[in-house]
Amino acid sequence: MEIKIKHNGISGLIVNAGGRLDLDSAVEYGTKIKDAIEDSDEPIKELVLDFGEISFISSFGLKIILELYKQMNGQNGVLKLRNVSEQIKNSFKMVGFNQFLIFE
Amino acid sequence: MFKTIKSKILLIIVLILAILLVAFSCYAVVFRAKTKQLMLQNYSFSVNSFVHQINDKITRLEDNSKDLALIGSLFYRTDRSIPLTDKAITKIFENYDNSLGGGIWFEPYIVDKSKKRMCRYIYRNNDGVLTFDDNFEGDEYDYHNQGWYKQIISQVTKEDDTAWSLPYYEKQGSDTMMITVGTAIFYDDKIVGISTVDWELSAIFKDISEMKPIEKTFSLYDGKNKIKDSFAVLADKEHDYIIVSNDPFLDNEALIGKSLKNIPWYNENLKNITYITYHNKKYVPFVKNIKNGMVLIICVPKTEMFRYIDQFGLYMLFTLFVIGLIIPILLYIKLNKYIINPINKLMDIANKISRGEDVKIKIEKPEEFAKLAATYDSMTNNIKSITKEREKINSELSIAKSIQESSLPNVFPPFPENPEFDIFASMEPAKEVGGDFYDFYFIDEKHFMFLIADVSGKGVPAALFMMTVKTLINNVSQMGYSHKKLFEVINKKVCQTNKQGFFVTLLAGIFNTETGDISFINCGHNQPLIKRQNGLYEYMNLNSNIVLGAFDDAKFEIFETKLNVGDVVFTYTDGITEAINERGDLFGEERLANCLNKNSGLDNIKEIAQSVKNEIKEFTQSTPQSDDITMLIFKYQTENLNKTPASDSRTFRQPADLENYKSFYTWLHEVSKDWDLNDDISNKLDMCAEEIFANITFYAYDGNSGYVETTITKIDDEVVLQFEDRGVEYNPLEKPDPDITAPPEDRPLGGLGIFMVKQMADIVNYERKDDKNILRIVFKI
C-alpha cells in the first residue's frame with residue numbers, strides 16, 4: 001500500500017492512500033501516520049484521511065481508525081475523513097463509528 | 001602410403017642417397033669430360049713430339065743428301081778419284097743408319113763422253129753391311145729413265161735444292177718400297193747430276209708403330225697393333241700424294257703415290273674436327289704437318305681411346321649402386337631390430353592387456369624401450385587396481401540405480417478406485433544413474449498432482465539430489481499451499497538443499513477430480529502435448545517459469561484450464577526429443593507429435609507410451625541411449641460421480657500463516673467473480689473471511705504450523721463460507737459484543753471483527769468435530 005502524508009499548514013496533516021485497508025496493510029497505515037504525528041515539530045491539530053482511493057476496509061482498518069481518533073482526541077486535535085464511499089460509510093455505521101467520526 | 005616410421009625413415013635415406021648419387025654423377029660427368037680433354041691434349045702432345053722426330057729424320061736425310069751432292073760436286077770438279085769418293089760416301093752412311101741407301105748420279109755423258117751413265121750407289125745388304133752396287137750403271141736399269149730420277153731432277157733448280165720422289169718399289173738393290181730425297185749437283189750453274197738418300201717406307205711405319213704417347217694407350221701397326229682399328233696416313237699434302245697408309249678398309253699398296261682424295265674420310269678441315277665417323281665407328285683424328293708439305297694423320301677409335309676412363313666410370317657407378325642398395329638394407333634391418341620390433345612387441349602386449357590378459361613385459365634393449373616397457377608395466381598394474389575399484393563402484397551404482405528406479409511409482413493403474421482419470425508413466429534409464437523422475441499422488445481429497453522432472457547433471461550426485469527433491473515435493477505438496485505458492489515454497493526448499501548448483505526442470509499438473517479443472521506449472525521443462533477429446537495432440541504453450549533451484553525468491557506462474565472427458569496430457573523429458581540416431585539427427589518435437597497423432601486412436605495410455613517407445617527405438621536403431629527416456633501420460637476418463645450436484649463449491653487449503661493472506665483473498669475474489677456475486681455479498685465475504693482467517697492464523701495453532709481450509713459453496717440462493725482448522729478448540733461466537741454506543745474514548749480496540757461477522761452474516765454457527773474447529777457463515781443472496 002502506498003501511503004502519502006503531507007503537512008497542511010503548521011499543525012495539519014493530510015494522508016492519501018489507496019487500495020485495501022485490511023489485515024495486510026492496516027498496521028503499516030497506522031504506524032506511518034502515528035510516526036508522522038510524533039515527528040511533527042508542532043503538535044498536530046488536524047488529521048485528514050483521504051479515503052478517495054480506499055476500496056475496502058476491514059475490522060483491522062476500523063481498529064486503526066479508532067486508534068487514530070483516540071490519539072487525536074488525546075492531544076486536542078481533530079480527525080477528519082474525506083471522500084468516503086457509501087460502502088465504507090456503511091462499515092463505519094455497522095460498528096457505530098459514525099457517531100463520532102467527521103466526514104467531509 | 002608412408003604412414004609408418006619405418007617407411008618414412010627409409011624414404012628419407014633413399015632420398016639422401018639419391019641426392020648424393022645425383023651430385024656425384026654430376027661431378028663424375030664433369031670430371032670425365034675434363035679428363036677426356038686432358039687425354040686428348042696428351043695424345044696431341046705425343047703426336048707432336050713424334051712428328052718432331054720425323055722432322056729430325058727428314059732433316060737428316062735431306063742434310064745427308066746435300067752432303068752427298070757436295071761429294072758429287074767435288075768428284076766432278078777434281079781428279080775424279082772413285083776410291084776417295086766412295087770413302088766419303090761410306091762415311092756419311094756409317095754416321096747415319098736410318099736410310100736404306102743412297103748415292104750420287106750424273107747426267108748422261110757428262111763425266112765421260114763415252115760413258116752414258118756414271119753413278120756411285122751404296123746400300124745396306126741383308127747383313128747390315130754397307131755395300132756399293134755397280135749394277136746401276138748397266139743398260140737394264142737405265143737410272144736416267146727411272147721415275148725417282150726424273151721427279152727429283154725436274155724439281156731441283158739450284159744448288160742445295162732438295163726434292164722428294166714419289167714412293168716407288170725398287171726391285172734393284174734393296175727390293176722394297178721406298179721414297180727418295182735428292183739434291184742437285186751443280187757445276188758452272190748447270191746441273192751435272194743429283195745425290196739421293198733412300199728412305200724405306202716400312203721404317204716409317206715401324207717408327208709410327210713404336211710410338212707410345214702414354215703407357216698402355218696405343219701403338220700403331222698391323223700385327224702388333226694394340227689398339228684395334230687405329231690407323232695412320234703419311235702424305236705429301238703440297239703435291240697431293242699419299243706416301244704411306246694402313247687404313248684397314250682400303251688397299252693401301254694401291255694408294256701409294258695417289259691423291260689424298262682417294263681416302264674417303266679425309267678432307268681439308270680435318271684438323272678442326274673432334275671426331276669422324278668411318279664405317280660406323282667414331283675416330284679421333286690427330287693431324288700434324290711435317291716439313292716439306294708432308295702431313296701425318298693418326299686416327300684412333302674414340303671408344304678405345306677413352307676405354308679406361310669409361311671403364312673407371314662404370315666401376316664407379318656400379319660401386320655407388322651397390323652402396324646405395326646396401327645402406328638402406330642395412331638400415332632397414334637395424335631399424336627393425338631396434339625400433340620397429342620393440343614397438344610391435346609393445347603393441348602386441350597392449351592388445352593383450354586390453355583383452356584383459358595378464359602379461360609380463362620383457363624388453364631389455366634398447367634402453368628407451370626398456371624404460372617404456374617398465375612404464376607399461378606400472379600402467380598395467382594401475383589399470384588393474386583402478387578396474388577393480390571401478391567394478392566395485394559399478395556394482396554399488398547398479399544398486400543405487402535400482403533403488404532410484406523402485407522409488408518411482410510403478411504399479412499401474414495406481415488409483416483403481418478413482419475411475420475419473422488414468423495415469424501411466426515409465427522411465428527407461430540411460431546406462432548410468434540419471435536425474436529424471438516422475439511422481440503422482442493426491443495432495444488433498446480432491447486434488448491429484450502429477451509431475452515429471454529432470455535434474456541437471458548425471459551420475460550419483462544428480463541421483464541423490466533427485467531423491468531429495470522428489471521427497472521434498474511430496475512433503476510440501478501435502479501442506480495445503482495454493483498451487484502457485486506451493487512451487488514457490490518447493491523452490492525455496494530446493495535452493496536450501498542445493499549446495500552443488502544443481503537445478504531441476506519440472507512440469508506438474510494439479511487436477512481437480514471433481515471439476516476437471518487443472519493447474520499446470522512449467523519450470524523450464526519441455527512443453528507437454530495435449531489432446532482435446534477427439535482432436536490431435538498439440539504442444540501447449542505454458543508460461544515457462546525459471547527452473548527450480550536457481551533463485552530462492554523466484555515467483556511462479558501457473559496456467560489454469562479445464563479438461564474435458566477424453567482429454568489426454570502427454571508429458572516427457574528431453575531424453576525423448578534429444579534421442580540421437582546414427583547420423584546424429586535428433587528425434588525432435590515434430591517427430592514426437594507426429595508419432596502421437598499417428599496413434600491417436602489408441603485409448604489405452606499404456607499402449608500410447610509403448611508406441612512412442614517403439615518409434616524412438618526404430619529411430620535410434622543401435623545408437624546407445626544417452627539420456628533417460630521418461631514420459632508420463634494423464635487422461636481424464638469420466639466425470640466424478642460423487643460430487644455434490646447442483647451446487648458449486650471451492651476449497652482452498654493453505655498453511656495457517658499470515659503471509660498467505662494475499663493469496664487467500666485473491667482466491668476469494670476469483671470465486672466471487674466466477675460466481676458473479678454482487679458487490680455487497682463480495683464485500684461481506686471479504687470482511688468476514690479476513691476476520692476468521694486472521695483469527696485462525698493468530699490463535700489456532702499457538703505458534704505451531706497448521707493449515708486453514710476454506711470452502712465456499714453456492715447452493716441456490718445461499719453462499720456458505722466454511723473455515724476448518726485443527727487448532728485449539730475455540731468458538732469465536734462466544735465473545736461478547738462491544739458496546740457500539742459508548743463514547744469513543746471508552747471503546748475497546750478488539751472484538752469488532754467477530755461482531756461485524758455476526759452483523760453481516762445471515763447465519764453463523766460453530767462446530768467442534770473430529771478435533772476440528774468448523775465455522776460456517778451463511779449469506780443469503
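In which pattern do α and β elements follow one another when chain A is read along the sequence? In this predicted model, the pattern of chain A is β-β-α-β-α-β-α-β. The chain thus described has three helices and five strands. Chain A comprises 104 residues, of which 33% count as buried. Among its contacts with a separation of 6 or more, 73% are between residues 24 or more positions apart.

The contact between the two chains draws on 18 residues from chain A and 19 residues from chain B. On the side of chain A that touches chain B, helix H2 (59-74) and helix H3 (86-94) of chain A each supply at least two residues. The most is given by H2(A), with eight residues. By character, the residues on this side of chain A divide into eight nonpolar, five polar and five charged.

Within chain B, an open sheet of five strands is arranged in the order E13-E23-E22-E18-E19, with antiparallel pairing. Its edges are formed by strand E13 (421-428) and strand E19 (537-539) of chain B, each of which pairs on one side only. On average, and with direction ignored, neighbouring strands of this sheet are turned by 15° against each other. Inside the sheet, strand E22 (residues 568-572) and strand E23 (residues 629-636) of chain B are paired in the antiparallel sense over five bridges. Opposite Val569(B) stands Phe634(B) in E23(B).

Two helices of chain B accompany these strands. Helix H12 (residues 588-598) of chain B packs on the sheet and touches strand E18 (529-531), E19 and E22 of chain B. The direction of H12(B) makes about 155° with that of E19(B). Helix H13 (residues 605-620) of chain B lies across E13, E22 and E23 of chain B, and runs at about 150° to E23(B).

A further set of strands in chain B centres on strand E16 (residues 504-512), in which nine of nine residues are buried. From E16(B), Val504(B), Leu506(B), Ala508(B), Ile510(B) and Asn512(B) point one way. Thr505(B), Leu507(B), Gly509(B) and Phe511(B) point the other way, and the residues of both groups are all buried. Strand E15 (residues 447-455) of chain B is joined to E16(B) by nine bridges, the two running antiparallel. In this pairing, Phe450(B) stands opposite Gly509(B). Six bridges join E16(B) to strand E17 (residues 517-523) of chain B, again in an antiparallel arrangement. Here Ala508(B) is placed opposite Ile521(B). The hairpin of E16(B) and E17(B) has four residues between the strands, and in this hairpin Gly516(B) takes a positive phi near 85°.

Several of these residues recur in the largest nonpolar core, which has 66 residues. The members that touch the most other members are Phe450(B), Leu451(B), Val504(B), Phe570(B), Met631(B) and Ile633(B). When neighbours within four places in sequence are left aside, Leu451(B) is in contact with Tyr438(B), Asp439(B), Ile473(B), Leu506(B), Leu507(B) and Ala508(B). Another core, of 59 residues, lies apart from the largest one and includes Leu68(B), Tyr143(B), Ile179(B) and Met294(B).

Notes. Residues numbered from 1 in each chain as written. Chains lettered and ligands numbered in written order. Predicted model: local features only at pLDDT ≥ 70, side-chain atom pairs only at ≥ 80, totals over all residues. Contact = placed C-beta atoms within 7 Å. Nonpolar A, V, L, I, M, F, W, Y, C, P; charged D, E, K, R; others polar. Pairing = 2+ DSSP bridges. Axes fitted to C-alpha atoms, helices over the stretch in contact; angles between N-to-C directions. Core = buried A, V, L, I, M, F, W, Y, C linked by C-beta atoms within 7 Å. Buried ≥ 20, exposed ≤ 12 C-beta atoms within 10 Å, placed from the backbone.
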